[in-house]
Structure formats: structure tokens, C-alpha cells
Amino acid sequence: MSQLQDLRLAVLVDADNIPKKCIKAVMEELAVYGTPTIKRIYGDWTSQQLSNMKQLLLECALTPIQQYAYTVGKNSTDSAMIIDAMDILYSGNVDGFCLVSSDSDFTRLATRLREAGMKVIGVGEKKTPMPFIVACDKFIYVEVIKTAKEEEAKQDKAKQTKTASKTAKKDTTKPAESQPEQKKRFVPENVVELIADSVAAIAEEDGFASLSDLGNLLIKKQPDFDPRNFGFSKLTNLVKSQSRFQLETRPDNNYVKDLLAESDDE
């Protein structure tokens, strides 16, 4: 992620293929990866479905681009987004693009932008076809963003409740019963193997691999990889949860080692 944080981003949103209630959370998420210098959302704003989004667009500073639906039942925003993306590309004013859509029609666009040296971040629902996902440098699921926001709200509410309880001098010796971090989390075996293979690929002579390098490699191998997919806020926490890996903190970085690989060598 560190390689993406200083990017000047062009954010192009397909209003026909993204949940309207998640747009604000998506825009907040993208601020983590860079500075959105261009923010446009495409759709037929004369339609009943989109006509009530004025306040949301103002809050997110999104510029609505009108694209009439020329044929009933057909998505007309694709071509407008693609044409604008190429115009922005040739302007040379951005370092990367964020394509917010679950539509596989943008697969070729993502590929073309990467061929031009642009970083491409995709955002869409879990129903997004795999070709579009792997065409991006990184892909983020809307459902994961939504869950993260909901858990942040729960944590804030829990803190407020705890503070209020202390103020009222109530008994606070009992642990909180509904902390999000206490819920059961499951990491599929194929994900554990992906991590192990990646550690082996970049490990130094002592078997340890830099956790930041590991994170970058995991995203290159699997653009939709995100610790939040499995209930963890950070890669560090995910690695810690697996007894197969040893985590070591050093002054410059955290390092991880595959203990199973070490035993195989012996």
C-alpha cells in the first residue's frame, strides 16, 4: 500500500453498477490510497433511480456526468467512462485510476491503463467477474468497506458506552461482550498457502521475509487480497492468528517466517 499512498487518482464511478448507499464509504476508503484529484460519477441523472442523489454527490464532491440510456435495459455509462479515462490518461495529470464498478466491461480499460504505466485500483461487489479483478493492481470489495465502517461505528459506540459507565461510576470490571475483534475468524487453507508461498519467494537467508514486502507481493499475486476479507484489520493480525508463522519485530519492520518450511528443511 505504501507504493500507492502518494498517487494522484482519477476516480470514475459507474452509478449503474455500484450500491448508492456505499459510495460515501468508498470515497473515504480511496483517500487511504492517494489523493483523488478527479472525481466523476456516470449515469442517467434523469432516471428515477439516480435523481435523488444530489446531496450525496455534494458531500463526496463528485461531478455527475450525464449519459442518457439510449436503449432500455442497456448500460450506457461504459463508453462515456472509457472515453473520459483515455482523455485523462493522455492529459498526464494523474498517476493512477480508480474504477468503481462491478462490470466486467471495464476489464480491457483497466488493462490498457496499466499498459500505460498507470496504477489501477478497482472497487466493486463480490459478484464482480474475476477478469476485471485481476486486471487491476488492487481490487477492494464494497462489502468489506461496508463491514469495516460498521465495525468502526460499533467500536465508537462501545467506547462511548464505556466512558459513560465510568462517569456514572458503574462496575466496569466485566469485559465487553460484543467487541468486533473477539468474533471468530476463518482463514481458508488456500490463503494460508498463498502467504506461505509468498514468504518463501522473498525470504532472506534466515527464512524471514519483510511483512511490508509480503503485503505488496500478495496484492500482485491476488489483487483482491485484503486481510479484512477474513475479519482482520491488518496483515499483521492475520499472520499472528496462524501458528504456522512466526512474527518478529525489528527496528526497521516486522518480519515473518514460515515454521513449516523450516521443519521441512530439517
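**Exercise 1.** In this predicted model, work out whether glutamate 59 is buried, partly exposed or exposed, then find its salt-bridge partner.

*Solution.* Start with the accessible area: glutamate 59 comes out at 45% relative. Buried would need under 20% and exposed over 50%, so glutamate 59 is partly exposed. Next, look for the partner. That's lysine 24, with the closest N and O atoms 3.5 Å apart. Now place the two: glutamate 59 sits in helix H2 (residues 54–60) and lysine 24 in helix H1 (residues 23–30), so the pair ties together parts 35 residues apart in sequence. Lysine 24 is partly exposed too, at 38%.

**Exercise 2.** Which residue forms a salt bridge with aspartate 84, and what does the pair tie together?

*Solution.* Check the N and O atoms first: arginine 40 is the partner, at a closest distance of 3.2 Å. Then locate both ends. Aspartate 84 belongs to helix H3 (residues 77–91) and arginine 40 to strand E2 (residues 34–43), so parts 44 residues apart in sequence get tied together. Last, accessibility: aspartate 84 counts as buried at 17%, while arginine 40 is partly exposed at 25%.

**Exercise 3.** Find the salt-bridge partner of arginine 244 and describe how strand E9 pairs with E8.

*Solution.* Arginine 244 bridges to aspartate 258, closest N and O atoms 3.0 Å apart. Arginine 244 lies in the loop between helix H9 (235–240) and E8, and aspartate 258 in strand E9, 14 residues apart. Both ends are buried: arginine 244 at 18%, aspartate 258 at 7%. As for the strands, E8 (residues 245–249) and E9 (residues 254–258) run antiparallel over five bridges. A four-residue hairpin connects them, and glutamine 246 stands opposite lysine 257.

Definitions and conventions: Residues are numbered from 1 along each chain as its sequence is written. This is a predicted model: local features need pLDDT of at least 70, side-chain atom pairs count only at pLDDT 80 or more; totals for chains, interfaces and linings use all residues. Side-chain values use heavy atoms; hydrogens and water are left out. Two strands pair if DSSP finds at least two bridges between them. A salt bridge is a side-chain nitrogen of Lys or Arg within 4 Å of a carboxyl oxygen of Asp or Glu. Buried means under 20% relative accessible area, exposed over 50%, partly exposed in between (1.4 Å probe, protein chains only).
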